[in-house]
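Here is a friendly walk through one protein chain, best read with the viewer open. Please have a look at the sequence and the fold, then follow the text below.

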Amino acid sequence: MDFLHKLEHVRQTGTNRWLARCPAHEDNSPSLAIRLTDDGRWLLHCFTGCDVNEIVSAVGLELTDLFPPTDRHHRPREGRPFSAMDVLRAVSHEVQVAALACSDVVAGRPLSESDLQRVQLAHDRLQNAVNIAEGR
């Protein structure tokens, strides 16, 4: 399965790494980070917050299509799916979301319900990053 052919405005950013327009939302500039791992898994991250299930569904696939067929007895190799730089970029993006929300609050502009939900998502993602770094 060649996942990349199902996407628009794909550009390679490194070995087995690409950016493309996210098919799960109106995307004017590429916001979907894609990585093909050595063991054949497709890793996806939308920087605007789309869920991976929404992304694969938008191109007519299922989550299982992002993984190569495996033998029941085969154990995947251990390793980190993203480089430290990828993680820092993702954390930086979530911090920017929180900072923008804070600046609106300080300026006296109330946050909409969708803004509040996005800030909560940023909080959850940052907390998840901390938990992973602590080995939890």
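His-9 sits in strand β1, which covers residues 8-14. In this predicted model, the phi of His-9 is positive, near 55°, although the residue is not a glycine. Such values stand out because most residues other than glycine have a negative phi. Asn-16 is another non-glycine residue with a positive phi, in this case near 60°. Asn-16 belongs to the loop that runs between β1 and β2, the latter being residues 17-21. With a relative accessibility of 28%, Asn-16 counts as partly exposed.

**The chain as a whole**

Stepping back, the chain contains four strands and three helices. What pattern do they follow along the sequence? The order is β-β-β-β-α-α-α. The chain has 136 residues, and 23% of them count as buried. About 9,500 Å² of the chain is exposed, with carbon and sulfur atoms supplying 53% of that area. Among contacts with a separation of 6 or more, 43% come from residues 24 or more positions apart.

**The β3-β4 hairpin**

Strand β3 spans residues 32-36, and its pairing with β4 is antiparallel, over five bridges. To find the register in your viewer, start at Leu-32, which stands opposite Cys-46 of β4. Five residues lie between the strands of this hairpin, and there Gly-40 adopts a positive phi near 90°.

Is β4 mostly enclosed or mostly open? Strand β4 runs over residues 42-46, and four of its five residues are buried, so the strand is largely enclosed by the rest of the structure.

A salt bridge joins Asp-39 and Arg-41, with 3.0 Å between the closest N and O atoms. Asp-39 counts as partly exposed, at 25% relative accessibility. Arg-41 is partly exposed as well, with a relative accessible area of 25%.

**Salt bridges**

How many salt bridges does the structure hold? There are six. Three of them are listed here, with the distance between N and O atoms.

| Salt bridge | N to O distance |
|---|---|
| Arg-17 and Asp-86 | 2.4 Å |
| Asp-39 and Arg-41 | 3.0 Å |
| Arg-109 and Asp-104 | 2.9 Å |

Take the pair of Arg-17 and Asp-86, whose closest N and O atoms are 2.4 Å apart. This pair links distant parts of the chain, as Arg-17 is in strand β2 and Asp-86 is in helix α2, 69 residues apart. Arg-17 and Asp-86 also belong, together with Arg-89, to a network of salt bridges. Arg-17 has a relative accessibility of 22% and therefore counts as partly exposed, since buried would require a value under 20%.

In the bridge between Arg-109 and Asp-104, the side chains meet at 2.9 Å, N to O. Arg-109 counts as partly exposed at 46% relative accessibility. Asp-104 falls in that category too, at 24%.

**Where helices α2 and α3 meet**

Helix α2 takes in residues 84-106, and Glu-94 is one of them. Is Glu-94 buried or exposed? Its relative accessibility is 3%, so Glu-94 counts as buried. The side chain of Glu-94 makes a polar contact of 2.9 Å with the side chain of Arg-118. Apart from its neighbours within four places in sequence, Glu-94 touches Arg-118, Ala-122, Arg-125 and Leu-126.

Two of those partners, Arg-118 and Ala-122, are buried residues of α3, and Asn-131 in that helix is buried too. The buried residues of α3 pack against α2.

How does the span of α3 compare with expectation? Helix α3 covers residues 113-133, and at 1.5 Å a residue its 21 residues should span 30 Å. The C-alpha atoms at its ends are 30 Å apart, which agrees with that expectation. After α3 comes Gly-135, which has a positive phi near 80°.

**Drawing it together**

To trace these points in the viewer, begin with the antiparallel pair of β3 and β4, then move to the bridge from Arg-17 in β2 to Asp-86 in α2. From there, follow α2 to Glu-94 and across the 2.9 Å polar contact to Arg-118. That brings you to the buried residues of α3, which pack against α2.

Notes:
Residues numbered from 1 in each chain as written. Predicted model: local features only at pLDDT ≥ 70, side-chain atom pairs only at ≥ 80, totals over all residues. Heavy atoms only, no water. Buried < 20%, exposed > 50% of the residue type's maximum accessible area, 1.4 Å probe, protein only. Helix = DSSP H or I, 4+ residues; strand = E, 2+ residues; numbered from the N terminus. Pairing = 2+ DSSP bridges. Polar contact = N/O pair within 3.5 Å; in protein donor to acceptor, adjacent residues only side chain to side chain. Contact = heavy atoms within 4.5 Å. Areas by Shrake-Rupley, 256 points an atom, 1.4 Å probe, with all protein chains shown as cover. Expected span 1.5 Å × (residues − 1). Salt bridge = Lys/Arg side-chain N within 4 Å of Asp/Glu carboxyl O.
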